[in-house]
Amino acid sequence: MEIYLDNSATTRVCPEAAEAAMRAMLTDYGNPSSTHAKGRAAAKLVMNARRQLAKALGCDSWEIAFTSCGSESDNWALWSGAESVSRRGGHVISSTVEHDAVRHALDVLERRGYEVTRLTPGLDGAVSPEQVAAAAREDTVLCSLMLVNNETGAVTDIKGVSKALKRAAPLSLMHTDAVQGFLKLPFSAKTLGADLISVSGHKIHAPKGIGALYIRSGVRLRPLIVGGAQEDGRRAGTENVPYICAFGEAARIGFAGAAGYQEHMRSLREHAIERLSAENPGLAVIGGGAPHILSVSLPGYKSEVLMNFLEAREIYVSRSSACKRGARSHVLEAMGLAPEVIDGAIRVGLSRYTTLEEIDEFCTALRSARESLQHR
């Protein structure tokens with residue numbers, strides 16, 4: 001039996017999203033910029049998906065701009081966001097545990113002359129509002145922090161951070177990478193306080209290759225991709241109508257059942273922690289907070305070896321972010337964890353499709369891995 005527990009890397013596409021994409025590919029396949037009937041039908045699908053996503057995010061539909069992925073949304077938010085307020089200063093605040101899409105975008109900003117302060121998280125893996133308030137200056141123009149860390153599930157209080165930032169630097173912009181937090185934690189764009197919010201389809205059971213950026217009304221960003229006037233002139237390129245439709249449908253379903261799905265994942269996570277801690281002496285639970293991400297470590301064991309053991313039993317987990325491709329986790333290093341803890345860490349990603357039976361199979365298999373490998 002295949003047990004997929006790498007949902008923080010990507011989720012399987014739900015049937016409703018796949019059907020929405022298929023209809024757009026086979027029936028309403030016109031270019032939404034065309035003025036004839038087929039084009040108007042496609043444009044209507046895009047607008048409907050925009051409304052679905054806006055409802056799930058708790059914002060107005062015109063504040064949504066579709067992108068190709070969360071990384072594009074992050075790049076656009078940081079580069080154009082900083083540029084849009086650069087006349088006010090050149091200081092940017094972020095952290096040492098951001099996704100690479102933010103980390104490497106920050107490197108680019110530094111090469112462009114911006115000064116970047118990278119805050120170190122606490123032992124829980126999160127950055128506090130007090131840290132941001134202490135780092136903010138008169139010339140601070142942008143702050144970018146993850147809502148949910150993609151490796152540890154640590155939750156940063158973005159609402160509190162936004163308030164602290166606006167008190168210290170009222171004219172600055174607040175961006176949050178909410179790719180891992182969207183529909184996994186209850187929040188609304190209107191109450192979160194962020195000016196820019198990145199989300200991605202393939203984390204909520206839509207296909208890979210579609211994302212969005214919430215741009216608060218009144219914030220003007222220079223387009224990252226230029227050409228046509230799509231997305232109200234904010235992002236050029238013919239819209240990916242099938243994937244946009246799938247994203248909208250996945251957001252609709254995820255939002256409608258959010259409370260139940262979140263409680264389901266939270267209960268599975270708590271059950272896994274209870275079993276794993278009881279059955280594996282020395283096991284460490286790393287970070288945490290989000291209901292769908294569980295990061296644990298067996299110090300003295302190698303995560304690659306544990307993963308291979310599990311994969312042989314068709315149980316799929318990861319050692320850190322899928323974007324790392326085998327490199328040591330900068331997130332766990334930034335948290336100050338011991339090397340043996342980092343090297344023995346694995347990440348379990350849950351979804352609404354994950355079952356209690358699958359979690360029990362995983363727990364049993366990890367115990368077997370520890371018992372059999374320690375004698376080699």
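With which side chain does the side chain of Arg-319 make a polar contact at 3.3 Å? I began my notebook with this, keeping in mind that the model is predicted.

**Entry on Arg-319**

I found Arg-319 in the loop between strand S11 (315-316) and helix H11 (330-334). Its side chain makes a polar contact with the side chain of Ser-303, at 3.3 Å, and I also noted a polar contact from the side chain of Arg-319 to the side chain of Glu-304, at 3.4 Å. I then looked up the accessibility of Arg-319 and wrote down 19% relative accessibility, so Arg-319 counts as buried, given that buried means under 20%.

**Entry on the cysteines**

How many disulfides does the count come to? I recorded zero disulfides, and went on to look at single cysteines. For Cys-59 the closest cysteine sulfur is in Cys-245, and because the two sulfurs are 18 Å apart, they are too far from each other for a bond, the cut-off for a disulfide being within 2.5 Å. Cys-245 is likewise in no disulfide, and I noted that the cysteine sulfur nearest to Cys-245 is that of Cys-14, 13 Å away.

Are Cys-59 and Cys-245 buried or exposed? Cys-59 has 11% relative accessibility and therefore counts as buried, and Cys-245, with a relative accessible area of 8%, is buried too.

**Entry on the cavities**

Next I turned to the empty space inside the model. I listed four cavities of 30 Å³ or more, and took the largest cavity to begin with, where about 100 Å³ of space lies. Its lining is made up of Leu-183, Lys-184, Lys-203, Ile-204, His-205, Ala-250, Gly-254, Tyr-261, Met-265 and Arg-352. The elements that give two or more residues to this lining are helix H8 (241-256) and helix H9 (258-279). Sorting the lining residues of the largest cavity by class, I wrote down five nonpolar, two polar and three charged.

I then looked up the second largest cavity, whose volume is about 60 Å³. Among the residues that line the second largest cavity I noted Ser-95, Val-97 and Glu-98, then Gly-125, Ala-126 and Val-127, and further along the chain Leu-145, Met-146, Val-148 and Asn-149. Ala-154 and Thr-156 also belong to the lining of the second largest cavity. By class, I recorded seven nonpolar residues in this lining, together with four polar residues and one charged residue.

Terms used: Residues numbered from 1 in each chain as written. Predicted model: local features only at pLDDT ≥ 70, side-chain atom pairs only at ≥ 80, totals over all residues. Heavy atoms only, no water. 1 Å grid on protein atoms, 1.4 Å probe; cavity = no way out; pocket = protein on both sides within 12 Å on 5 of 7 lines; lining within 4 Å. Points joined across faces, edges and corners; volume = space filled by probe spheres on them. Helix = DSSP H or I, 4+ residues; strand = E, 2+ residues; numbered from the N terminus. Nonpolar A, V, L, I, M, F, W, Y, C, P; charged D, E, K, R; others polar. Buried < 20%, exposed > 50% of the residue type's maximum accessible area, 1.4 Å probe, protein only. Polar contact = N/O pair within 3.5 Å; in protein donor to acceptor, adjacent residues only side chain to side chain.
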